[in-house]
Amino acid sequence: MITFESDYTTGAHPEVLQALIKSNLAPQPGYGSDEYCERAKEKIRRAVGIEAAQVEFLVGGTQTNAVVISAMLADYEGVIAAVTGHINAHESGAVEYTGHKVLPLPHHQGKIDAAELRAYLIDFYKNDSREHMVFPGMVYISYPTEYGTLYSKKELEAISAICGEYKIPLFVDGARLGYGLMSRECDLTLPELARFCDVFYIGGTKVGALCGEAVVFTKGNRPAHFLTSVKKRGALLAKGRLLGVQFDALFTNDLYFRIGAYAIQMAERLKDLFAARAIPFFLPSPTNQQFVILENDRLERIRKTIGCSIWEPYDEAHTVVRFATSWSTTEDDLAALAEALET
């Protein structure tokens, strides 16, 4: 079975796997206090251009979102996100389970609009009944978004400025950050992204690691006793070395960025493949996730040999389908998809 279902359907990139094998028998202390985690943290600090950045490793994206949001918010605060944002749509209410409401805004191809964010905050603080409401305590965005789209530097700067004005942190979900940064349409660098936000994470699970995300607090703002918060929420890995080894490998010889660039290259090939067959795109995506509109009967034929993600109905006869590339996508995979599309 050839699959484009997601970017984490295979294991680890060979260079990551080799690093795990090489380090396997070296005894290390637990819970992220090992030499591999320390080395990886230093490499990440250099990559983001913030010498004093505070870096922590967590096991997965949902755990990271829930822990960071709940640890940074007061008990009367919620988090603003696009209605399509991962924390609102695809994490089984994990944030709400911590006691914090997700406050959804309309989306525009997966993105929130700075003007609408400002209007929301203005309206909230004008409301005489606000003491009876959930206070907006954070803004959450995904980069890339759940539709593979990107915030421009101008858009991100505008959202960051509003967060600064209202003294609420901007949290960037970077589960697929490597694909966003290496997109041909990306107009900002990793250090610039780090400067615009208060906390973000560098996704490993979807960008070449077996598992793991690297959380970066950019302004000396890591919550007190953060490790305790991570453990309390069930997200602390005893063998924390496993995360450190992987991120040490990902940030050696630009592997993280090479993985992102390769997946983008394959995605561009994927786009050409669909365009050549006049298959319409649901929206323009410059990253590794591509969304196309397929006739339902054609989709059923394709799914006999090709894995893909059913995203949402388009109309009675068509469905929006996602195809994702990764470090493990091959020329043979693309050829198999091309053949399936001809059936």
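This is a short chat about the sheets, pockets and one buried residue of a predicted model.

Student: What kind of model is this, and how are residues numbered?
Tutor: It is a predicted model, where local features need pLDDT of at least 70, side-chain atom pairs count only at pLDDT 80 or more, and totals for chains, interfaces and linings use all residues. Residues are numbered from 1 along each chain as its sequence is written, and side-chain values use heavy atoms, with hydrogens and water left out.

Student: Okay, the sheet with 7 strands. What's the strand order?
Tutor: The order is β2-β8-β7-β6-β5-β3-β4, in an open sheet with mixed pairing. Strands here are DSSP runs of E, at least two residues, and helices are runs of H or I, at least four residues, numbered from the N terminus. Two strands pair if DSSP finds at least two bridges between them.

Student: Which strands are at the edges?
Tutor: β2 (54-58) and β4 (102-105), each of which pairs on one side only. The twist averages 25° from one strand to the next. Such angles run from 0 to 180 degrees between N-to-C directions, with axes fitted to C-alpha atoms, for helices over the stretch in contact.

Student: How many bridges join β2 to β8?
Tutor: There are 5, and β2 runs antiparallel to β8 (residues 213-217). Within that pair, V55 stands opposite V216.

Student: Is β2 buried or exposed?
Tutor: Buried: 5 of the 5 residues of β2 are, so the strand is largely enclosed by the rest of the structure. Buried means under 20% relative accessible area, exposed over 50%, and partly exposed in between, with a 1.4 Å probe and protein chains only.

Student: Which way do its side chains point?
Tutor: Q54, E56 and L58 point one way from β2, and V55 and F57 the other way. In a regular strand the side chains alternate between the two faces of the sheet.

Student: What lies across β2?
Tutor: Helix α11 (residues 241-250) does, at about 115° to β2, and α11 also lies across β7 (199-203) and β8. Contact here means heavy atoms within 4.5 Å.

Student: New topic: R45. Where is it?
Tutor: R45 sits in helix α2. It counts as buried because its relative accessibility is 17%.

Student: What is R45 in contact with?
Tutor: Leaving aside neighbours within four places in sequence, R45 is in contact with I50, E51, A53 and V55. As for C197, R45 is 152 residues from it in sequence and 15 Å away in space, C-alpha to C-alpha.

Student: Now pockets. How much space lies in the largest one?
Tutor: About 420 Å³. On a 1 Å grid over the protein atoms alone, a pocket is an open set of points with protein on both sides within 12 Å along at least five of seven lines, a cavity is a set where a 1.4 Å probe fits but cannot get out, and lining residues have an atom within 4 Å of a point. Points are joined across faces, edges and corners, and a volume is the space filled by probe spheres set on them.

Student: Which residues lie nearest its centre?
Tutor: Y8, H86, A175, R176 and K206, out of 26 that line the largest pocket. Helix α3 gives the most to that lining, with 3 residues.

Student: What classes are in that lining?
Tutor: The largest pocket's lining has 6 nonpolar, 12 polar and 8 charged residues. Ala, Val, Leu, Ile, Met, Phe, Trp, Tyr, Cys and Pro count as nonpolar, Asp, Glu, Lys and Arg as charged, and the others, Gly among them, as polar.

Student: And the second largest pocket, what volume?
Tutor: About 200 Å³. Of its 14 lining residues, the closest to the centre are Y31, G32, K41, E56 and L227. The elements giving two or more residues to that lining are α2 (35-48), β2 and α10 (226-232). By class, the second largest pocket's lining has 9 nonpolar, 3 polar and 2 charged residues.

Student: How many cavities of 30 Å³ or more?
Tutor: The count comes to 1. About 40 Å³ of space lies in the largest cavity. β5 gives the most to its lining, with 3 residues.

Student: Last one: what order do the strands take in the sheet of 3?
Tutor: β9-β12-β11, an open sheet with antiparallel pairing. β9 (289-295) and β11 stand at the edges with a single partner strand each, so one side of each is left without a neighbour in the sheet. Helix α12 (residues 255-276) lies across β9 and β12, at about 20° to β9.
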